[in-house]
Structure formats: C-alpha cells, structure tokens
Amino acid sequence: MEISDKSYRRFFEEAREMLFIADREGRLLAVNPYGAGLLGYASPQELLAVGSIHQLYYYPQDEKDFRKRIEQEGLIRNYELTLRKKDGGKISVSLTGNAIRDGSGEVVGYEGIVRDFRERKRLEKQLLHLERLAAMGKLSAELAHEINNPLGGILMYAKLALEDLPEGDAQAQRLEKISRLATRCRMIVRGLLDFGRGDTAEREWVDVNQTILDMFDLIRDHILFRPVRVEMKLGGNLPRVWGNRSNLEQVALNMMINAAEAMEGQGTLTIETGYSKEESNFSMYFKDTGPGISKENLNKIFEPFFTTKKRGKGTGLGLSISHGIIQKHGGSIQIKSRPGEDTTFLIQLPGRKR
Ligand SMILES: Nc1ncnc2c1ncn2[C@@H]1O[C@H](COP(=O)(O)OP(=O)(O)OP(=O)(O)O)[C@@H](O)[C@H]1O
Ligand SMILES: [Mg+2]
C-alpha cells in the first residue's frame, strides 16, 4: 500500500478523536468532522467559522496556562481542560498538543488531539466509590467481630445479675435497660458482620410481597408510622425470589423506616412491586414524599456510618447493610431524589417464574 497525501488527509478526516491545527493567534485552520461533532457543530466548516480557539475555552485561564506551557515546553500531554460546546454547555477534555515552529524556531501555530474525558472521569469516580465501599465494609466487619465477644459478655452478666434480683427492683430495671441497649448493639454488630461477609446466607424461595406485608405489620403501630399514609401497590402473581428471607426482611424494614423517618410522620409512603418477564427482573419501589436528598449526600448514603440523623437516632448502617444484602442477591439499588422532591428507592432482584 502506498501512502499518498490523500491517505494522510483521509487519516485526518476520519480519525475518531478530535484533531486540529491552529495558527499562532489561535485561529482554527483545520479540524476533523469528529472534532466538530464532539463540540456539537454540524461540520468542520461550521466550527472553523467560529474563528478563534479563544471562544472554545470555557475558562479563559485555561487558555493562558496552555499557551504559556506549550510555548515553553513545545509539547503538552493530556492537559485537562474544559471546552465550550456550540450550545454553550461544557465538555471536559484532555488535550495533547505541540507547537509548530518555522525554520528560525519561532512558534507559528499549534496542532493537537483532543479527547473526550467525560466517560473516563465517570468510570473513575464510580470505581473509586465502589472500592471505598468495599474497604469500609471490610473494616466494619473486622470491627464488628472485635465488639461481638465483649458484647456477648455484657449481655450474659446482665442476665445473671438480673436473675438474682427480685422483680420490680430498681436495680433490676436498670439492668434490663442495659440488656436492651446491649441487644440493640448486638443487632447492629450482626448487621455489620453480614455486611462485610463475602458468603451468602441460607437461601430459600421468598415471597417478597409477603415479606413487605409482614414487616409493615411489625411497624404500622409504631408512633413514627401512625400518621403516615401507606399505599401498597403490590403486583399480583409475582415470582418468588431465591434469597435469604431475614436479609430481605431487613432491607424492606430499613426502607420503610428510612422513609418514615425522612417524612417525620407526615406524608405518603408508596410501596410498589412488579416483575418484568423479559428481563426476569423483580422490582420494588419505596417512594416517600419526604424532604429528598441533596446531590452531595446521594453519593454518601450507602457508606457505613453515614447519617444525617441526630446522635442516638441513626447509626448510618441501614442503607449500607441493605446495599450489601441486595448486592449478594445479585440485584441493585437505585435512588431518585432531589431536595424538595419525592424520594424513590428502586430495588431490583433477579427473579424466576414460580
Ligand atoms: N427516604 C429517604 N429520604 C431522605 N433521606 C434518606 C432516605 N433514606 C435515607 N436517607 C438518608 O440516608 C442516610 C443514611 O441512611 P441509613 O439508613 O444508612 O442510616 P440512618 O437511617 O441514618 O441510620 P440507621 O438506618 O442505621 O438507623 C440517612 O441518614 C438520610 O440522610
Ligand atoms: Mg436507616
């Protein structure tokens, strides 16, 4: 195969990264169709008509830095910057470029490759988040393991001491309180252990609708729930889910309690279940009319010990444990929420027809 000028030209025209050539003043001289498309322009001609590269920098400082560096160093690799698209929107890109010099070494222009950076950034962020969750899960489980034994001792000694006291004794009441609080600690610790453990608990065919109803029965008379309107839209003839019953109960309970706590006893909780045969996918929605979740917090709510609740009210474990459970069941949890709007937790599980 012979490499002609035409081949070089085609290479430029058809490259799947943005390629450009600009003169010393930053006037665009050439850009390929892919590059024009990346910035939202219909054709290279339309982008060239913009004239100067100047207008394409979203932040003017980027341009100053870039020029300074490229003139000093001659070559810049993977320079991260934000460009402005035709519609005015931003796009993060990474630019590798070099200065073009004439015979006397004077800079007469620039040429370079611009890569779309968004996808990579998004993946990096996701990965970081998952790694962090996994590391925290491990740490939490180790911690829980350490706490579990002394906690068992506290419970046992409280029980022994209680047995020696007559009923109604003032000390007995205090001991009972110790017992109750330690039992709550143990439940938290158990959850943490489950959360960090890699293996799966015992499985059976679980009727998820029934699980939801059972858990609702458990809490409906709780003071938190009495004023809440609950709408059940449970799908008929749903398949069962192959899973651990008490784990799934725990997830349902966490979702309901979170919703009720968020609404502070005022509003509507809608629980919906359904099944998609095509995707053999089971879905559960928990939607509440509470205050919603800020964008910042959305990234953190699955972390162990992240809570916005008052000390003593929330330990910040409900969602991280639920997340671990659903993940072990091969499912996923998604959230749709914004401050001031409804919050929906969507839990999906792989299911099979009965
Ligand atoms: N339905 C919801 N609406 C608004 N915010 C929510 C909702 N569910 C969870 N959150 C937010 O996520 C945080 C973490 O929830 P998570 O269940 O993990 O912990 P918690 O409820 O604070 O404590 P715990 O469940 O351990 O008692 C909550 O503190 C709250 O800020
Ligand atoms: Mg909770």
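Two strands pair if DSSP finds at least two bridges between them; strands (E, at least two residues) and helices (H or I, at least four) are DSSP runs numbered from the N terminus. This is a predicted model, in which local features need pLDDT of at least 70, side-chain atom pairs count only at pLDDT 80 or more, and totals for chains, interfaces and linings use all residues. Residues are numbered from 1 along each chain as its sequence is written, and chains are lettered from A and ligands numbered from 1 in the order in which they are written.

**Exercise 1.** Describe the sheet of five strands and the helix that packs on it.

*Solution.*
1. The order in this open sheet is 2-1-5-4-3, and the pairing is antiparallel.
2. Strand 2 (28–31) and strand 3 (75–84) are the edges, each pairing on one side only.
3. Neighbouring strands are turned by 30 degrees against each other on average, direction ignored (axes are lines fitted to C-alpha atoms, for helices over the stretch in contact; angles run from 0 to 180 degrees between N-to-C directions).
4. Eight antiparallel bridges join strand 3 to strand 4 (residues 90–101).
5. I76 has G97 of strand 4 as its bridge partner.
6. Helix 4 (residues 60–73) packs on the sheet and touches strand 3, strand 4 and strand 5 (107–116); contact requires C-beta atoms, placed from the backbone, within 7 Å.
7. The direction of helix 4 makes about 165 degrees with that of strand 3.

**Exercise 2.** Work out which residues surround ligand 1.

*Solution.*
1. The shell holds 21 residues, near meaning a C-beta atom, placed from the backbone, within 6 Å.
2. The closest are A262, T307, G314, G318 and L319.
3. Helix 8 (245–263) and helix 10 (318–328) each give two or more residues.
4. Helix 8 supplies the largest share, four residues.

Conventions:
Two residues are in contact if their C-beta atoms, placed from the backbone, lie within 7 Å.
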